[in-house]
Amino acid sequence: MDFITEHIVTLVWTSGGVVPAFIDYLSVVVGVLTGALFACDRKLDIVGVTVLGLVTGYGGGMFRDFLLQSHGVYFMSHPYLLLACIALCVGVFFFRRVFDRIDSVVFVGDALSVGLFAVAGASKAFTCGAGFVMSIALGVLTAVGGGALRDVAVGEVPGIFKASNFYAVAALAGSFLYVLLVTYGAQDTLAAILCVACVVMLRCLSVHFDWKTGSDKLVGR
C-alpha cells in the first residue's frame with residue numbers, strides 16, 4: 001500500500017520541474033494530438049501520423065533536456081506515456097473526421113499546448129539552475145521546438161520563421177511571466193496557470209485581431 005501511495009505521489013508531483021508532473025503529461029498529450037491532426041491534414045499514412053505526433057509532442061522537450069545535459073531525458077523516463085501517445089495517434093488516424101467538426105476546440109488545444117510546453121520547459125530549466133534568461137529561452141524552445149521539427153519533416157518552412165499570428169511571441173511572453181513570478185517568490189502552480197493563460201490569450205487575440213509578427217509584403221521585398 002505504501003508503495004502504491006508513493007508511486008502515485010511521484011506520478012502527480014515530480015516532473016523534473018517546479019510544477020506538478022501532470023502539466024508535463026498534459027503538454028505532451030496535447031502536443032501529440034495537434035501533431036497527429038497536422039499529419040492527417042497532410043494526408044499522411046498511419047506511420048506518418050504517429051511519427052509526426054510524437055515529434056511534435058516530444059521534440060521541444062528533447063531539445064531542452066539535451067541542452068540541460070545531466071538532468072535526465074523526459075522522453076526516456078516515461079515509457080507508459082509514450083505508449084499512450086502512440087495509441088492516441090492511431091485513434092486520431094482512424095477517427096480524424098470527428099476533429100473536422102470541432103476546429104475551434106483543436107485551435108484552443110494548439111494554443112494550450114504552447115502554453116503548457118512553455119511552463120514545462122521553463123520550470124525544469126529553472127529548477128536545474130539555468131538562470132533567469134536561459135530558463136526563459138528553454139521555455140520558448142520547448143514550446144516551439146516540436147512544431148518546428150514537425151514542419152521540417154514535411155518539407156515546410158517552420159511557422160516560427162514566417163509572418164504569422166503570435167506563436168513564438170506568445171511562448172516568450174508566457175515563459176518570461178512564469179520565470180519572473182517564480183523568481184520573486186510566487187507560488188509555482190499559480191505562476192504556471194498565469195503563464196498558460198497568458199500564452200492562450202495572446203495566441204487567441206492575435207488570431208482574432210489578425211496581429212502578425214511580420215508583413216508578407218515586407219518579407220517579399
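**Figure 1. Overall fold of the predicted model, whose secondary structure comes to 11 helices and 0 strands.** In this predicted model, the order of elements read along the sequence is α-α-α-α-α-α-α-α-α-α-α. The protein has 221 residues, of which buried residues make up 43%. Its exposed surface comes to about 11,600 Å², and carbon and sulfur atoms supply 70% of that area. When contacts between residues at least 6 apart in sequence are considered, 73% of them join residues at least 24 apart.

**Figure 2. Close-up of a nonpolar patch on the surface, formed by Phe132, Val133, Met134 and Phe176.** Together these four residues present about 370 Å² of accessible area. Helix 8, which spans residues 132–153, contributes the largest share of the patch, with 3 residues. Val133 has its place in helix 8, and this residue counts as exposed because its relative accessibility is 60%, where the cut-off for that class is over 50%.

**Figure 3. Close-up of the ring pair Phe93 and Phe94, with the charged end of Arg96 over the ring of Phe93.** A pair of aromatic rings is described by the distance of the centres and the angle of the planes. The count of aromatic pairs in the model comes to 4. In the pair formed by Phe93 and Phe94, the ring centres are 5.1 Å apart and the planes stand at 85 degrees, so the arrangement is edge-to-face, an assignment that requires planes over 60 degrees apart. The two residues fall into separate accessibility classes: Phe93 counts as buried at 19% relative accessibility, whereas Phe94, with a relative accessible area of 55%, is exposed. The value for Phe93 qualifies because buried means under 20%. The charged end of Arg96 sits over the ring of Phe93, at 4.7 Å from the centre of that ring.

**Figure 4. Close-up of the aromatic cluster in which ring pairs link Phe166, Phe209 and Trp211.** Within this cluster, Phe209 and Trp211 form a stacked pair, with 5.3 Å from centre to centre and 15 degrees between the planes. Planes under 30 degrees apart count as stacked, so the angle of 15 degrees places the pair in that class. Both partners are partly exposed, Phe209 with a relative accessible area of 46% and Trp211 with one of 37%.

**Figure 5. Close-up of Arg150 and Phe38, a second view of a charged end over an aromatic ring.** The charged end of Arg150 is placed over the ring of Phe38, and its distance from the centre of that ring is 4.2 Å.

**Figure 6. Close-up of two loop residues, Lys43 and Asp210, each with a positive phi.** Lys43 is found in the loop between helix 2 (21–41) and helix 3 (46–68), and its phi is positive, at about 65 degrees, although the residue is not a glycine. With a relative accessible area of 69%, Lys43 is exposed. Asp210, likewise not a glycine, has a positive phi of about 60 degrees, and its place is in the loop between helix 10 (188–208) and helix 11 (216–219).

Technical notes: Residues numbered from 1 in each chain as written. Predicted model: local features only at pLDDT ≥ 70, side-chain atom pairs only at ≥ 80, totals over all residues. Heavy atoms only, no water. Patch = residues over 30% accessible without salt bridge, like charges linked within 9 Å, V, L, I, M, F, W, Y side chains within 5 Å. Areas by Shrake-Rupley, 256 points an atom, 1.4 Å probe, with all protein chains shown as cover. Salt bridge = Lys/Arg side-chain N within 4 Å of Asp/Glu carboxyl O. Helix = DSSP H or I, 4+ residues; strand = E, 2+ residues; numbered from the N terminus. Buried < 20%, exposed > 50% of the residue type's maximum accessible area, 1.4 Å probe, protein only. Phe/Tyr/Trp six-rings, centres within 6.5 Å; stacked < 30°, edge-to-face > 60°. Lys NZ or Arg CZ within 6 Å of the ring centre and 35° of its normal. Contact = heavy atoms within 4.5 Å.
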